[in-house]
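User: Please take a close look at the way the helices near the C-terminal part of the model pack against one another, and then work outward to other local features. Give the criterion for each term as you use it.

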Amino acid sequence: MVALAPSPYPEVHPRTPRSIAPALRILSLATVTALAFGMANSSPAQAATFRPVIDGGARFQVISPTLVRMEYAQDRKFENRTTINVQYRPLKTPYETWTKDGYRYIKTSKLTLRYKQGSGHFTPQNVSVTLKVAGQTTSAHPRWDVQGDNLVVPHNQLGGWRRDLRDVGGKVKLNPGILSRDGWQLVNDTRTALWKPDSWPVPRAPQILKDPTFYQDGYFFGYGHNYKQGLRDLATITGPSPVLPAWAFGNWYSNYHAFTRDDYATLMRNFHTRKVPLDVLVVDTDYKAPNRWNGWNWNKKLWPDPQGEIRWLKSMGLTLAFNTHDGINDNDPKYAIVQKAVHNTLAPNGPKYWDPFSLSYGFDMSRPDHAKWFLWLHEDFEKAGTDFFWFDYGSAPTREEGWAVEKGWVNPLPSTGVNGVTMPGLNAEQWQTYLYADRLRKQGKRGFSLSRHRGQLGERRNNVHFTGDTLTTWGTMAFEAEFTAAEGAAMGLPYVSHDIGGFKLGNVLTNDMYVRWAQLGVFQPINRPHGLQAKRLPWEYSPAAEKAGVHFLKLRDELVPYLYNLAWEAHMTGVPMARALYLNYPEDPQAYVHNTQYLLGDDMLVAPVAKPGRTATTEVYFPAGTWRDYFTGKVYRGPATHSITTNWMTMPVFVREGGIITTLAEQSMRDGKNWKQSRKNLVGLQVNANVVGARNSTTIYQDDGQSLDYWQGKVARTSVSVRTVRQGRDKVATVTVGRTTGSFRGQAATRDYAFQVYFDNPRKVTLNGRTLQAGTYEQARRQPGRYYYYDPLQHTVFVCAAGVANLTESQLVLWG
């Protein structure tokens, strides 16, 4: 059996994720009144309880005030084991239950469920749930007849998911997820394989798979228009998303091209001479032999000394990802070893276009022996020093794309590529993603897999969604902006990775398309330029495009701390990094209209430009509040729509009043440092404090950025707050950096802070009670605690604080 790493989830791990703390809040059991279940046709309302409600063949488990598990078993044999999607069912939420006139009622603080007793399996006719949606009482009648890979029946859906954006050139229809504007959704988990981490999945009983009326297992989400609560509930039952390594939020570079060592030397020289940070280098498929697609040996023509090459590249601060495809060809030297080990049970999949003279064979990844030997194929690559794999599977035209047969060969496995599974209820892509992520965790690394997915809700625990192989069009660019937030809403998926620049039909972009796509990547969860023997770097375009591209790539690494905080928020709350406007503004009708805009965290509004020209005008909708242009400093007030004209050095990005953006304090902009090379105890804070009434707080999360220590709570937390008030004739802004709590390996005893505070014409600035002198930027930077610098064009005050002890509070006050 494949060795599995210890799980990060509470089922087997002592740490309870903070993400689900509200749902797991333990109330005093002294308040619980015993409840006798299975009463007569009428009973009075019972006092609050936590235990499941069993009524004939129906069982109900209240997981939160807005989430109820609904289970029906004709034989009254209920299932307590977890599934590959659902890992927790905490029963810590009080509720009331009673029967009346032949109905079972279950009431929480947010909803009331009614089930007709003795009526058999759940249907829209015998189950109803009443709840408040936008202040109005709504009655839900959930359906169970899901189709394909979907776990829900769509109704007024918000967001959506798709396996990938292959061959997509614009907006396409998406599959439904858990959010609906109706305020509720039912997730049908009936057929999903049973699974507990550190074990192997098992299918549901045959009768369950055969008869949809024999057994049902579902989860009713009744969040109303509190969509974030719906996503928190999802995180409660699936478990938290991982916090990716900090370097994952910097710049990636990928290109389907057969690079040599000289090519890589030239590549890195171009980055270094321009002081452009690069964090992740992705090596596409040509490093493999005997064929470049799914060979499992080093191509010694390109990589004569794999260990030496990898060591050289890592010496420049890079993390290395290598492409893999599923399956193995019969001309591979390792084929005979594997086929013998699995007793000649690999599934023939026919000749492929990448090697028409040999046969491809697939692994049944639901078999432990097949999974073991498929992962064994990676060992030579891992021993040379690879950091992680990009699992670019789906290497054959798939059944889902309408091809049941390729070149006369039928793939006998239910699969999206060469590999597959034969276990009912086990999703091939979800399981392979888990195995890759688990393999990293077993090595002591933060586990994830850059790969496609099939909309399974448990994907959020392991998946960085590779959406690739798109067409290179303006329409694709626009839809990518929408798609990231759509998947966040549908699945709570925090990490979506597009081919920035597109993949097909555009190896060389126009200058304007290059710049605008580069801008989009900077404000996405993952910035991964990619293409087919493509030009995706600034210096491959005109001087003006190069200037813009260099600027934005530097900016991306500057924002790594902010993005890392958002990853922690996603881990703890279930709310994605890129947020559709309706997550924050559910009662604003316009929030449902402007789908290509999104919030990056709560503090940044992003409206990517996807149209040609040296300048472009974009209609941007601003939700309620005051918003400052991140590039020009101009202020806009909402709710309103404004026409925003940008050039190649700017894009429509806005910071809300009170917004706090953490940065690398210009280490990337000035020195070209990536996250690994940066000083970790130098923290930049950009604060929008110019509006009276601005009030906000955030938490800086800092750990070692790479290991699994955060599972054990080895993380430092520092609160940062801002408040702007009127004091007499003065406007006064106070920025407070609180004491740091918690610790981690390698933590420095002190920190340096670089404040950039948007505040008009300060007449007085104090740091920890000491009045600072007005000076130049260099004075403020080199003599912290003595000078401040005011930029009249950006209306920004620059202040440095040096040597702040972790247990010391620091306070910056501005009067104007």
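Analyst: The packing of one helix against its two partners comes before the other features.

The model is predicted, and local features were accepted only at pLDDT of at least 70 and side-chain atom pairs only at pLDDT 80 or more, whereas totals for chains, interfaces and linings use all residues. Numbering starts from 1 along each chain as its sequence is written, and side-chain values rest on heavy atoms, with hydrogens and water left out.

The part in question is helix α11, residues 543–558, where helices (H or I, at least four residues) and strands (E, at least two) are DSSP runs numbered from the N terminus. On one side, the axes of α11 and helix α10, residues 511–522, come within 9 Å and cross at roughly 5 degrees; these axes are lines fitted to C-alpha atoms, for helices over the stretch in contact, with angles running from 0 to 180 degrees between N-to-C directions. The two helices α10 and α11 are therefore roughly parallel to each other (under 35 degrees is roughly parallel, over 145 roughly antiparallel, 65 to 115 roughly perpendicular and the rest oblique). From α10, the residues N511, Y514, V515, Q519, G521 and V522 take part, and they meet A545, A548, G549, F552, L555 and R556 in α11, a contact being heavy atoms within 4.5 Å.

The second partner of α11 is helix α12, residues 560–573, and here the axes are 5 Å apart with an angle of about 50 degrees between them. The pair α11 and α12 is therefore oblique. In this contact, R556, D557 and E558 of α11 meet V560, P561 and L563 of α12. R556 thus belongs to the α11 side of the contact with α10 and also to the α11 side of the contact with α12.

Away from these helices, helix α6, residues 368–376, places H370, A371, W373, F374 and L375 in buried positions (buried is under 20% relative accessible area, exposed over 50% and partly exposed in between, with a 1.4 Å probe and protein chains only). The buried residues of α6 pack against α5 (335–341), α7 (379–384), α8 (428–442) and strand β19. In the loop between β18 (355–362) and α6 lies R367, which counts as partly exposed because its relative accessibility is 29%. Once its neighbours within four places in sequence are set aside, R367 is in contact with W200, V342 and T345. The C-alpha atoms of R367 and P201 lie 9.6 Å apart in space, although 166 residues separate R367 from P201 in sequence.

Strand β19, residues 388–391, carries W390, which pairs with F466 of strand β23, residues 463–466, and so links distant parts of the chain, 76 residues apart. This is an edge-to-face pair, with 5.1 Å from centre to centre and 70 degrees between the planes (rings of Phe, Tyr and Trp, the last by its six-membered ring, pair with centres within 6.5 Å; planes under 30 degrees apart are stacked, over 60 edge-to-face and the rest tilted). Both W390 and F466 are buried. The structure holds 55 aromatic pairs, and F259 with Y264 is a stacked one, at 4.9 Å centre to centre and 15 degrees between the planes. F259 counts as buried because its relative accessibility is 11%, and Y264 counts as buried because its value is 3%.

Several backbone features complete the picture. A cis peptide bond with omega of about 5 degrees joins A289 to P290, and P290 is located in the loop between β13 (288–289) and β14 (297–298). Another cis bond runs from G638 to P639, with omega near 5 degrees, and here P639 is part of strand β29, residues 635–646. R76, which is not a glycine, has a positive phi near 60 degrees; R76 sits in the loop between β3 (67–73) and β4 (96–100) and counts as exposed because its relative accessible area is 56%. E666, likewise not a glycine, has a positive phi of about 70 degrees and lies in the loop between β31 (660–663) and α14 (667–671).
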